[in-house]
Amino acid sequence: MITSFKGIFPAAKASARELTLLNDETINRILIAVADAIMEQAPFILAENEKDLARMDEHDPKYDRLQLTEERLKAMAADIKNVATLPSPLGKVLRETVRPNGMKLTKKSVPFGVIGVIYEARPNVTLDVFSLCLKSGNACILKGGKDAQESNNVLVSIIHSILRKFKINPHIVELLPPNKEATTALLTATHFVDLIIPRGSGNLINFVRENARIPVIETGAGICHTYFDEFGDVQKGAAIIHNAKTRRVSVCNALDCVIIHEKRLSELPALCQKLAEKKVLIYADEPAYESLNGHYPADLLQQATKESFGIEFLDYKMAIKTVKSFEDAVGHIYENSSKHSECIVTEDKERAALFGRIVDAACVYTNVSTAFTDGAQFGLGAEIGISTQKLHARGPMGLEEITSYKWIIEGNGQTRTS
């Protein structure tokens with residue numbers, strides 16, 4: 001095992017060149033073998049994960065992200081096998097043309113090369129990144145958080161054991177130590193790493209953006225809103241709000257703020273009724289507070305402040321904002337959104353279309369829970385992250401989003417004269 005940063009980065013870069021020689025059939029066999037090994041060694045993985053969990057307060061919102069179970073391992077293995085069934089994103093002809101002088105130009109999809117991913121207490125990211133990077137011909141350098149150190153170590157060791165069985169360079173997957181020195185080294189490895197993808201809190205993403213000397217695709221931070229319009233259906237709205245908020249509170253597509261038209265305040269208790277079962281703490285503005293007071297548990301209802309909005313809670317907490325108009329709802333989203341996932345609940349098709357056109361977010365929903373912002377749910381197999389920016393990729397990033405392209409030019413002795 002390489003123990004110095006000086007060795008890790010050139011080894012990963014060299015392995016990326018070797019990856020270009022692997023055919024898709026071999027890649028798929030490796031992925032299936034890794035998925036099978038994950039299930040065969042599930043007891044060992046769960047035991048190592050327990051070591052990480054023992055160091056974390058079980059009330060910490062990150063605990064759910066960190067925790068592995070047999071069911072979650074089954075889902076992770078299934079995702080890897082699903083990636084194996086997808087067509088290769090490499091070598092696709094994106095454009096082809098012949099110039100008047102007979103020169104043929106072909107634009108083809110190619111790997112980035114080496115992708116560095118920095119993430120927090122999410123051991124599932126280790127497998128997602130590996131499977132997508134291998135399938136797309138990229139080497140990957142992983143920098144997980146200290147909270148998931150044991151879990152990440154065992155997962156990468158399993159991957160390396162399978163790669164060695166296939167006589168594949170194991171340096172196509174490198175796991176850095178979970179310390180600040182490793183982060184700094186990765187962010188400044190300009191000659192070896194082609195792209196950095198941070199997955200985690202807004203603080204992590206901001207740090208990476210401000211300190212990286214390598215191109216960055218921002219992913220992860222989600223401040224998600226659901227606007228219950230004056231023409232919204234209460235039954236749909238209640239189901240959507242409950243699902244988006246409580247399915248998994250620690251993920252980036254979880255609901256953070258309900259916006260409600262003032263004409264529908266009388267239905268707010270019905271919209272929030274099931275949230276009480278999950279003990280969701282609500283920070284309500286004055287009109288919403290008055291509507292919920294006496295209809296929602298008093299110990300779970302608080303008056304909202306300015307600081308209650310524009311927050312990614314990652315917990316059983318939610319804000320409610322009352323608006324006088326559709327325009328006010330869009331304005332509130334504009335001021336507080338992280339451009340991740342936004343939803344409108346309405347039966348007015350024209351209003352839904354307008355919402356989809358003018359709301360600036362990677363994923364804009366009508367009458368659908370924001371919980372669906374996920375690579376697997378979008379049919380991408382898995383995701384390496386959810387991009388909240390506009391350059392190169394936006395939304396769930398699957399195989400196509402972690403490829404680049406190059407031009408292949410063929411001729412017969414043409415020379416340029418002007």
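Two speakers discuss the pockets of a predicted model.

Modeller: This model is predicted, local features need pLDDT of at least 70, side-chain atom pairs count only at pLDDT 80 or more, and totals for chains, interfaces and linings use all residues. Residues are numbered from 1 along each chain as its sequence is written, and side-chain values use heavy atoms, with hydrogens and water left out.

Biologist: What makes a set of points a pocket?

Modeller: On a 1 Å grid over the protein atoms alone, a pocket is an open set with protein on both sides within 12 Å along at least five of seven lines, and its lining residues have an atom within 4 Å of a point. The largest pocket has 27 lining residues, and D79, R122, N124, R248 and D374 lie nearest its centre.

Biologist: What volume does the largest pocket have?

Modeller: About 640 Å³; a volume is the space filled by probe spheres set on the grid points, which are joined across faces, edges and corners.

Biologist: Why is the largest pocket said to lie between domains?

Modeller: Domain 1 (8-218 + 389-407) and domain 2 (223-376) both give residues to its lining, so it lies between them. The bounds come from an automatic or database domain assignment.

Biologist: Which helix gives the largest share of that lining?

Modeller: Helix 5, with four residues. A helix here is a DSSP run of H or I, at least four residues, numbered from the N terminus.

Biologist: How many residues of each class are in the lining of the largest pocket?

Modeller: There are 10 nonpolar, seven polar and 10 charged. Asp, Glu, Lys and Arg count as charged, Ala, Val, Leu, Ile, Met, Phe, Trp, Tyr, Cys and Pro as nonpolar, and the others, Gly among them, as polar.

Definitions and conventions. 1 Å grid on protein atoms, 1.4 Å probe; cavity = no way out; pocket = protein on both sides within 12 Å on 5 of 7 lines; lining within 4 Å. Helix = DSSP H or I, 4+ residues; strand = E, 2+ residues; numbered from the N terminus.
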